[in-house]
Amino acid sequence: MNQRKKILFITGTRADYGKIKPIMQKMEKKQKEYEVFVYVSGMHLLQKYGYKNTYVAFEQVMTDNMSYNLGVVLMNLARYAEQIKPDMIVVHGDRIDALAGAITGALNNILVAHIEGGEISGTI
C-alpha cells in the first residue's frame, strides 16, 4: 500500500486562501492519496478554517521590518515542517509567507508548488 503524500499549504491572507482552498478540498476528497496540512499566518489568525491539520502561527509577531518578519515566519514554519515532514509545500502569491515557504522547501529538499504572484508586480 502506498503511503499518503503530505501536502502543506501556506496561507497568510484571505486572497491566497480563496485561491488554494479548491485545491485543498480536492485533495481532502482523495484521503487515500493525500494528507492535507495548513499553516495559517499573517492577516487571518482569528477564525477556524475547519481543517484538522491546521497550524495557527499565534507566536508570530509582525513589525514594520519585513526582514525581521520573514525571519520569524521562516523560523516557525521550518519548525512546523520538520514536525510534519511534508512531501510538498504549496504557496500562493508574493508575500513573505510564500517566500518563507519556498525557502523552507528549498533548504529542506521539499517540493514547492507556487501559484501566481509577481508576474505583474515584479516582486520576488
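Biologist: In which sense, left-handed or right-handed, does H2 pass H3?

Modeller: Helices and strands are DSSP runs (H or I of at least four residues for a helix, E of at least two for a strand), numbered from the N terminus. A crossing is left-handed if the near helix is turned anticlockwise from the far one by less than a right angle, and right-handed if clockwise. By that rule, the crossing in which H2 passes H3 is right-handed.

Biologist: Which pLDDT do local features need in this model?

Modeller: Residues are numbered from 1 along each chain as its sequence is written, and side-chain values use heavy atoms, with hydrogens and water left out. This is a predicted model, in which totals for chains, interfaces and linings use all residues, side-chain atom pairs count only at pLDDT 80 or more, and local features need a pLDDT of at least 70.

Biologist: How are H2 and H3 oriented to each other?

Modeller: Their axes, which are lines fitted to C-alpha atoms over the stretch in contact, with angles from 0 to 180 degrees between N-to-C directions, lie 9 Å apart and meet at an angle of about 50°. Under 35 degrees counts as roughly parallel, over 145 as roughly antiparallel, 65 to 115 as roughly perpendicular, and the rest as oblique. H2 and H3 are therefore oblique.

Biologist: In what order do the elements run from the N terminus on?

Modeller: The secondary structure of the chain comes to three helices and five strands. Read from the N terminus on, the order is β-α-β-β-α-β-α-β.

Biologist: Which residue of S2 is the bridge partner of Ile7?

Modeller: Two strands pair if DSSP finds at least two bridges between them, and S1 and S2 pair in the parallel sense over seven. With H1 (residues 14-29), these strands make a right-handed β-α-β unit, right-handed meaning that, with the strands pointing away from the viewer, the path from the first strand over the helix to the second runs clockwise. In S2, the partner of Ile7 is Val36.

Biologist: How many residues of S4 are buried?

Modeller: Buried means under 20% relative accessible area, exposed over 50%, and partly exposed in between, with a 1.4 Å probe and protein chains only. S4 runs parallel to S1, joined by three bridges, and pairs with S5 in the parallel sense over five bridges. S4 is largely enclosed by the rest of the structure, because the number of its five residues that are buried is four.

Biologist: Is the aromatic pair stacked, edge-to-face or tilted?

Modeller: Rings of Phe, Tyr and Trp (its six-membered ring) pair if their centres lie within 6.5 Å, and planes under 30 degrees apart count as stacked, over 60 as edge-to-face and the rest as tilted. The structure holds one such pair. The rings of Tyr39 and Tyr80 have centres 5.9 Å apart and planes at 40°, so this pair is tilted.

Biologist: How many residues apart are Tyr39 and Tyr80?

Modeller: Tyr39 counts as buried at 0% relative accessibility, and Tyr80 counts as buried at 7%. The pair links distant parts of the chain, with Tyr39 in S2 (residues 34-40) and Tyr80 in H2 (residues 66-84), and the separation in residues is 41.

Biologist: Is Asn109 buried or exposed?

Modeller: Most residues other than glycine have a negative phi. Asn109 has a positive phi of about 55° although it is not a glycine, and it lies in the loop between H3 (96-107) and S5 (111-115). With a relative accessible area of 76%, Asn109 is exposed.
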